[in-house]
Amino acid sequence: SSASIAAGTTAQFEAVGTFADASTRTLTGEVAWSTDVSSVATVSASGLATGIGAGVARVIASSGAIMGQASLTVTAQPVILASIAVSPASTSAPIGSSVQFAAVGTFTDGSTRAFASGAGAWQSKAPMGTARTGAAGAYAGGKFFVFGGVALTSTEAYDPLTDAGSVRAPQSVNRSYAQAAELDGKIYVVGGAVNADGNAATTALWMYDPAANTWTAKAPMPTARFHLAFEAIDGKLYAAGGLVPGYSATSALAVYDPVTNTWQTKASMPLARGHVAGGAIGGKLYVAGGSPTAAQLQIYDPATDTWTLGASQPLARYAQMGVVLDGRLYVMGGQSAAGTAADGKRTFVYDAAAGAWSEGPQLNTARYAPAAAVGAGKIFVAGSLFGNQNTTALEMLEPQNEVVWSVDAPSVATVT
């Protein structure tokens, strides 16, 4: 017989004797136990083996001249992070000044290592073939897709490996400020303002197949809207908030099931918001900011069909775009109450585990409701200059932090 354990863990062995009359009896506490490679494993008088180091050892049970044995494979104990120390542990600084912190990790083997810091920087990439504003974005099959925009039906696909774009099948109707989400390799594009007319918002849902380069109409959502959040969670698509005809914000939430091609209305958001940023983390829907100019974070739990409010983002903005990477919601671009282009470059990052916001690297270009998506550990943003103007500009962020920095009181300090 054989067994396998990790170094530092144990396995209980049992000895069973067979006698001349063919009877059997458990002898675990009566035999002498030993191993042939003590640097790999040891064994107690009761047959409990302990893994010492990687390798293979024989666990031997003997009674006089009679012996039985089993093979025990011991694998190396994985070295994992045990704790993080931040230095300086306590400090003070005048308003407007900055302090550099460092993080050092201690691992289970006793070793320590300083973690690399620096969230990376947005990199300008090959521009799109068509200048756009109000386009929808999604990532699938290794490419960043950008759909439509104001007065546009066209589709482009950006390949980060070649830093080049290509033209794909257009939509049947031009619509702006629709939203897109990837699910099971297909991209679903929902809502939008037809002919850039907010009073002509649509309920349309179309599915794009990147492999076949084809569009298929699906069941329309219950509420016509644009500038909404649209996210995939556990095989379904959630449409929350947005602007309805008349440019007023809605609190509506509906969920689409692609298996049955049907929609269900769910619990409304606590706060009606349009121009929202959305993301899905840990099976929950996160909806940040929006209009009227807001900072609140609304969190929906599909398991209970309930909403809660999370920590508000550091700056109230609308026309942001949200994506999720590594359990963090990145909220980029948008317009603040001050209406400055500088605020349209800012990126805020919400760590769902910590329940706190931090500030990320600034966009190269100030933007208003750009197309955005995540793929292969990178964030892509395209189109929509601040001021709601067309642009071909496309940029990419590859976060490089080994640790996530956050503060518990963003009104006191922020951290990058």
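These are my notebook entries on a predicted model of a single chain.

**Overall form**

I began with the secondary structure, and found that the chain has 42 strands and zero helices. I then looked up the dimensions: the C-alpha trace spans about 95 × 60 × 45 Å along its principal axes. The radius of gyration is 29 Å, whereas a compact globule of 416 residues would have a value near 22 Å.

For the interior, I noted that 46% of the 416 residues are buried. Of the contacts with a separation of 6 or more, 47% are between residues 24 or more positions apart.

On the surface side, I recorded an exposed area of about 18,100 Å² for the chain, of which carbon and sulfur atoms supply 53%. I also looked at charge, and there are 21 positive and 25 negative side chains, with the centres of the two sets lying 8 Å apart.

**Salt bridges**

My search of the whole structure for salt bridges returned eight. I followed one group in detail, in which D343, R346 and E359 are linked in a network.

Within this group, R346 pairs with D343, the closest N and O atoms being 3.6 Å apart, and R346 also meets the side chain of E359 at 2.8 Å, N to O. I placed E359 in strand β39 (residues 356-360) and R346 in the loop between β37 (335-336) and β38 (347-351), so this pair ties together parts that are 13 residues apart in sequence. I checked the burial of both acidic partners: D343 has a relative accessibility of 10% and counts as buried, and E359, at 14%, counts as buried too. Both assignments follow because buried means under 20% relative accessible area.

I next turned to the salt bridge between E398 and K378, where the N to O distance is 4.0 Å. This pair links distant parts of the chain, since K378 lies in strand β41 (residues 378-382) and E398 in the segment after β42 (394-397), 20 residues apart. At 34% relative accessibility, I entered E398 as partly exposed.

**Backbone geometry**

I went through the backbone for unusual torsions, bearing in mind that most peptide bonds are trans and most residues other than glycine have a negative phi.

Which residues are joined by a cis peptide bond with omega about -5 degrees? I found that they are S87 and P88, and that P88 sits in the loop between β10 (81-87) and β11 (102-107). Another cis bond runs from S291 to P292, with omega near 0 degrees; I located P292 in the loop between β31 (284-290) and β32 (294-301).

For positive phi, I noted A151, a residue other than glycine with phi near 60 degrees. A151 belongs to the loop between β15 (143-149) and β16 (152-159), and its relative accessibility of 57% makes it exposed. Y177 likewise has a positive phi, near 60 degrees, and is found in the loop between β18 and β19 (179-183).

Is Y177 buried or exposed? I read a relative accessible area of 9% for Y177, which means that it is buried.

**A loop serine**

My last entry concerns S172, which I placed in the loop between β17 (164-168) and β18 (175-176). S172 is exposed, with a relative accessible area of 55%. I also took its separation from T133: the two residues are 39 apart along the chain, and their C-alpha atoms are separated by 18 Å.

Methods: Residues are numbered from 1 along each chain as its sequence is written. This is a predicted model: local features need pLDDT of at least 70, side-chain atom pairs count only at pLDDT 80 or more; totals for chains, interfaces and linings use all residues. Side-chain values use heavy atoms; hydrogens and water are left out. Buried means under 20% relative accessible area, exposed over 50%, partly exposed in between (1.4 Å probe, protein chains only). Helices (H or I, at least four residues) and strands (E, at least two) are DSSP runs, numbered from the N terminus. The radius of gyration is taken over C-alpha atoms; the globule rule is 2.2 Å times the number of residues to the power 0.38. Contact means heavy atoms within 4.5 Å. Accessible areas come from the Shrake-Rupley method with a 1.4 Å probe; for residues, only the protein chains shown count as cover. Lys and Arg count as positive and Asp and Glu as negative; His and the chain ends are not counted. The place of a charge is taken as NZ of Lys, CZ of Arg, CG of Asp or CD of Glu.
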